Amino acid sequence: MNQLVRNRATGATTPSASRRAATEMVLSTMALAETKRMARAHSAAVHSLAIDNVEHRYMLSAGADISIQLYDLNSFEQTPTCARQVAPTSQIAANAASTHTSLISSIAWYPLDKGMFTTSSFDHTLRVWDAQSMAEACQFDLDSRVLSHCMSVTGEHALIAATNESAYIRLCDLRSGSSAQTLLAHHSGSMAAAWSPKQPFVLASGGIDGALCMWDIRRADSQLCSFGHSADSKAGPSESSNNSSSAIGGSIGSVLFTGDGDRVISMASSGKVSVWNTASPENPLVECQLDAPKRGKVPSGARQMALTTATTRRTADYEMLFCPSGDNSIAAIDIAKGKQVISLDSHFAPVLCTTWRPEHLELYSGGADGNVLVWCPPAAEELSEDQKKIRQDTWSDSDNAEEHT
């Protein structure tokens, strides 16, 4: 850090490079939070987490126990260890009259306000909920297991893209309450999709067949490109998957756009993470191969990645990707260099989802162990006097135990 300050003072590095290096240094120290923890609210695997886009204060969680939990991340109670524990402020119980009947695969806030959220499930439905009353507003029956869904952050339309085990991606219109359009995308089914934050009608999708495609839903010939092929290539799903699955690394379990909308990030079942330029889809900009899972059964299906945003004050000019590694850990990747920076490990079973809380330097993760954990840089935590005393007492007890042995 001292060298970084000296370089900036002497003009050896630009302001942008200095900010990027400082942010990288801070984020590379990410660890399990000491001063904040999440109360255990799920009895089975947590498959999806979502933080609202308006205040970055309210978080939703859902998974295999079919309950939905709503947390106020600024509301907490002290525990005997003086950690701040965040418990759900409301929920939709698994035995509620109106709820899903099978595993909830994904959950998402309505991008423009925090009054509504959506869920998708293996019970073949996509449901819309009122966040105030925690009651169902409407539902779409999609005739096959829904693996994930997403909404555009631009607000230009009210379409929800739902991926499922069929060859089609279904576009459901919140305004009309009906399925508005279908895309013949991946013959083996699609697991992940993401809307561009820059072009409202552009959608990227990843398939079980290993193909990563980009679409403009306004066009009759909606496929714009298949990543790993030339920009002019119009290979159909069955044709593109033959070459893409080997190049990309297997079925695509997660897809997201970077904040500027110019790049797409994909994660394959093999653990290969690729960053693609939307203007030149032939070859990835960078790739990173995650280490083989050390333990735990590798989960099949979609896995939710989280990306720090380069436009916020606290992470300006730097983007770090947090993705489930396939085992009990989370890989933190510098997407500019294609390099794994750190590995976060505290879950007792495979990690299934992550989400980033902008401006707070907090990462939340959900796992097959049913736990939701909080991660942050130690420098971002402030220990109270009671916490400092407990830590000192713990160290003293450890020292005494060593002396007696």
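## Overall composition

Of the 405 residues in the chain, 54% count as buried, in a model that is predicted. The secondary structure of this chain comes to 4 helices and 31 strands. When contacts between residues at least 6 apart in sequence are considered, 49% of them join residues that are at least 24 apart.

## Strand β26 and its neighbours

Strand β26, which spans residues 320-324, has 5 of its 5 residues buried, and it is therefore largely enclosed by the rest of the structure. In a regular strand the side chains alternate between the two faces of the sheet. In β26, Met 320, Phe 322 and Pro 324 point one way while Leu 321 and Cys 323 point the other way, and the residues of both sets are buried.

Two strands pair with β26 in the antiparallel sense: strand β25 (residues 306-307) does so over 2 bridges, and strand β27 (residues 329-334) does so over 5 bridges. Phe 322 takes part in both pairings, since it has Ala 306 standing opposite and has Ala 332 as its bridge partner in β27. The connection between β26 and β27 is a hairpin with 4 residues between the two strands, and within that turn Gly 326 has a positive phi of about 105 degrees.

## Aromatic pairs

How many aromatic pairs does the count come to? The count comes to 4 aromatic pairs. In one of them the rings of Phe 117 and Trp 129 have centres 6.3 Å apart and planes at 15 degrees, and because planes under 30 degrees apart count as stacked, this pair is stacked. Phe 117 belongs to strand β10 (residues 116-121) and Trp 129 to strand β11 (residues 125-130), so the pair ties together parts that are 12 residues apart in sequence. Phe 117 counts as buried at 0% relative accessibility, and Trp 129 likewise counts as buried at 0% relative accessibility.

Phe 322, already met in strand β26, forms a stacked aromatic pair with Trp 356, with 5.6 Å from centre to centre and 10 degrees between the planes. Because Phe 322 lies in strand β26 and Trp 356 in strand β29 (residues 351-357), this pair ties together parts that are 34 residues apart in sequence. Both Phe 322 and Trp 356 are buried. Ring pairs also link Trp 109, Phe 117 and Trp 129 into a cluster.

## Charges over rings

Two arginine side chains can be examined for their placement relative to phenylalanine rings. Arg 84 lies over the face of Phe 76, at 5.0 Å from the ring centre, whereas the charged end of Arg 145 sits over the ring of Phe 122, at 4.2 Å from its centre.

## An open sheet of four strands

An open sheet is formed by 4 strands in the order β17-β18-β19-β20, with antiparallel pairing. Its edge strands are β17 (190-195) and β20 (223-226), each of which pairs on one side only, and the twist from one strand to the next averages 20 degrees.

Strands of a sheet pair through backbone hydrogen bonds, either parallel or antiparallel. Within this open sheet, strand β19 (residues 212-216) is joined to β20 by 3 bridges, and the two strands run antiparallel. At this pairing, Met 214 stands opposite Cys 225 in β20.

## Helix α2

Helix α2 (residues 15-27) has 13 residues and reaches 18 Å from its first C-alpha to its last, which is close to the 18 Å expected at 1.5 Å a residue. Which residues of α2 are buried? The buried residues of this helix are Ser 18, Thr 23, Glu 24 and Leu 27.

## The loop around Val 54

Val 54 is found in the loop between β3 (46-51) and β4 (58-63). Is Val 54 buried or partly exposed? Because its relative accessibility is 43%, Val 54 counts as partly exposed.

Although Val 54 and Pro 111 are 57 residues apart in sequence, they are 7.7 Å apart in space, from C-alpha to C-alpha. When residues up to four places away in sequence are not counted, Val 54 touches Leu 112, Asp 113 and Lys 114.

Conventions. Residues numbered from 1 in each chain as written. Predicted model: local features only at pLDDT ≥ 70, side-chain atom pairs only at ≥ 80, totals over all residues. Heavy atoms only, no water. Buried < 20%, exposed > 50% of the residue type's maximum accessible area, 1.4 Å probe, protein only. Pairing = 2+ DSSP bridges. Phe/Tyr/Trp six-rings, centres within 6.5 Å; stacked < 30°, edge-to-face > 60°. Lys NZ or Arg CZ within 6 Å of the ring centre and 35° of its normal. Axes fitted to C-alpha atoms, helices over the stretch in contact; angles between N-to-C directions. Expected span 1.5 Å × (residues − 1). Contact = heavy atoms within 4.5 Å.
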